[in-house]
Amino acid sequence: MDRRHFIGHSAAALGLLAGFSGHARANLQKAEILVIGGGYGGATAAKYLRLFSNNTAKVTLIEPNPTFISCPLSNLVVGGSRTLADLTSSYDNLSKRHGIKIIKDSVASIDADKKTVKLASGKTLRYDKVVVSPGITLMMNSIEGLAQANKDGVTLQAWKAGPETVALHKQMAAMRDGGTFAISIPEAPYRCPPGPYERACQVANYLKQNKPKSKVLILDANQDVTSKGALFKKVWAEQYPGMIEYLPKHNVTAVDAKTKTIKLEIQDDVKADVLNLLPAMSAGEIAVKTGLANSNGRWVNVNFINFESTAQKDIYVLGDSIQVANAMPKSGHMANQHAKVAAAAIVAELSGWEVNPAPVLTNTCYSFVNDREVVHVASVHQYIAAEKTFKPVPGSGGVSPAPSTLEGVYAWGWAHNIWADSLG
Amino acid sequence: MLAKYLKRAILAALYIGFSHWSSTAIAQNAEASNLYKRGLAATCANCHGTDGKGVVDGGMPLINNLTSEQMLTQLKAFKSGAREGTIMPQLAKGYSDEQLVTIANQLGKK
């Protein structure tokens, strides 16, 4: 190498060294980051991508709904003690306060090779990183006749809060006194483990006051109550004696809409007046369509340190769509926590830093057993590097000793704060 | 003569470059470490508000009136069982003592 070349190389090396940090920072500022889905996971991811990048990352949120409606607490709308308006928040703060571009549209497809997202309206967007937080798909075909019964309005799921939640309340309110409200639960995992049992309480709370001869029938495909079991059973016995009938190991296979008959895998047919049949669930449709659901074709495997899909690089999947770690529930609170770990990881990666080697998640879930009293379940999950997964910390977490009105106040406190944390 | 001068200049330039790089690396580590701390404190935000600024009159006890020292004392009391509560005694037990210090430092009143 001659002298001139040596000098040239050295200067280049110097420039490279001096410019290293600036270059990494430029990557963060230049990157196109898309977030698909504005639920508890996606909205939080969009906001925290901005917060953790000190408002330098370019973030676009794609969400078809005009407002955010909370699934947690929506059983109170089924029961009639609250309205959807109580659970609705605007997306405006994400754009006004946090500088997030919001596109009101849904995603038709993701091309992971070209790194593009095609919107339903036909427009194509390029991405460097994309966060996919599409919630769940109700697998209507897992119960024969359910898709048609639902189209005809005979059965309702109301497992995504919205107009169906109100419609289910109306069906219950129109039911004759002495009628049966049947709710069926698929095998776990499904969205919101305690949700169906809370709903049974809310329906019973309404019936007790308005149609006291009526019954709530819980047909559970699982071996036993999947969350807060002892607490729910005590409430059913003490607050709703003779009104709630719980049948475990009752797997619904078909429904006859004309005769309102539910067919079970093992037991005899059951008739009911209101049919709230929850089918098996899978990752949100866009995740399945993109080939991300590499766990039984239903859930998305992710690297838990950053929530990147194990199927595709630069696609991060959050919330109910993922194949969960041990004792990790599919909840709104958990989706919010996933989002913060993923947002921090994306900011670190685009800045050229190591991703946090020890992220932490918490979960808190409140269930209303009537319109005032609440029970909770809580947990803390630490990342175990050697096993590349999250595990609940032994000795931590737990449930309420009994329902209380104090926790009823905290439940609304939780709601107001998590809505502000995700969207405010 | 010229060769000697150039060699020194190059060495000096490389030295400056290296020290700049290492100080940049340290700055990056500090920034990364700060991000990890913010991430840890954000595990509290669902119930107590973004950056510990909870919704006033929202129903959840506010924590942003506590200094870091006061907050750490309460967190330790929840963890040990000295202070009773609903969820906090259960959650505090899930964090290491070091993590509780970080949380208190991040969220305490400045």
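Student: What share of the contacts in chain B with a separation of 6 or more comes from residues 24 or more positions apart?

Tutor: The model is a predicted one. In chain B, residues 24 or more positions apart supply 55% of the contacts with a separation of 6 or more.

Student: Which secondary structure elements make up chain B?

Tutor: Chain B contains five helices and zero strands. Its pattern along the sequence is therefore written α-α-α-α-α. Of its 110 residues, 31% count as buried.

Student: Why is helix 2 of chain A called oblique to helix 11 of chain A?

Tutor: The axes of helix 2 (residues 40-52) and helix 11 (residues 405-423) of chain A cross at roughly 55 degrees and come within 7 Å. Angles under 35 degrees count as roughly parallel, and 65 to 115 as roughly perpendicular. The crossing angle falls in neither range, so helix 2 of chain A is oblique to helix 11 of chain A.

Student: Which residues of helix 2 and helix 11 of chain A meet?

Tutor: From helix 2 of chain A come A:Y40, A:A43, A:T44 and A:K47, and they meet A:D421, A:S422 and A:L423 of helix 11 of chain A. The residues of this contact comprise three nonpolar, two polar and two charged.

Student: What makes A:N54 count as buried or exposed?

Tutor: A residue is exposed if 12 or fewer other C-beta atoms lie within 10 Å of its own. A:N54 has 11 such atoms, and therefore it is exposed. A:N54 belongs to the loop between helix 2 and strand 2 (58-62) of chain A. Its phi is near 50 degrees, a positive value in a residue other than glycine.

Student: How do you know whether A:L73 is buried or exposed?

Tutor: The cut-off for a buried residue is 20 or more other C-beta atoms within 10 Å. A:L73 has 20 of them, so A:L73 is buried. A:L73 lies in the loop between strand 3 (67-69) and helix 3 (75-79) of chain A. Although A:L73 is not a glycine, its phi is positive, at about 85 degrees.

Student: What kind of peptide bond joins A:A188 and A:P189, and what is its omega?

Tutor: The bond joining A:A188 and A:P189 is a cis peptide bond, with omega about 5 degrees.

Student: Where in chain A is A:P189 found?

Tutor: A:P189 is in the loop between strand 11 (180-185) and helix 7 (195-210) of chain A.

Notes
Residues numbered from 1 in each chain as written. Chains lettered and ligands numbered in written order. Predicted model: local features only at pLDDT ≥ 70, side-chain atom pairs only at ≥ 80, totals over all residues. Helix = DSSP H or I, 4+ residues; strand = E, 2+ residues; numbered from the N terminus. Contact = placed C-beta atoms within 7 Å. Axes fitted to C-alpha atoms, helices over the stretch in contact; angles between N-to-C directions. Parallel < 35°, antiparallel > 145°, perpendicular 65-115°, else oblique. Nonpolar A, V, L, I, M, F, W, Y, C, P; charged D, E, K, R; others polar.
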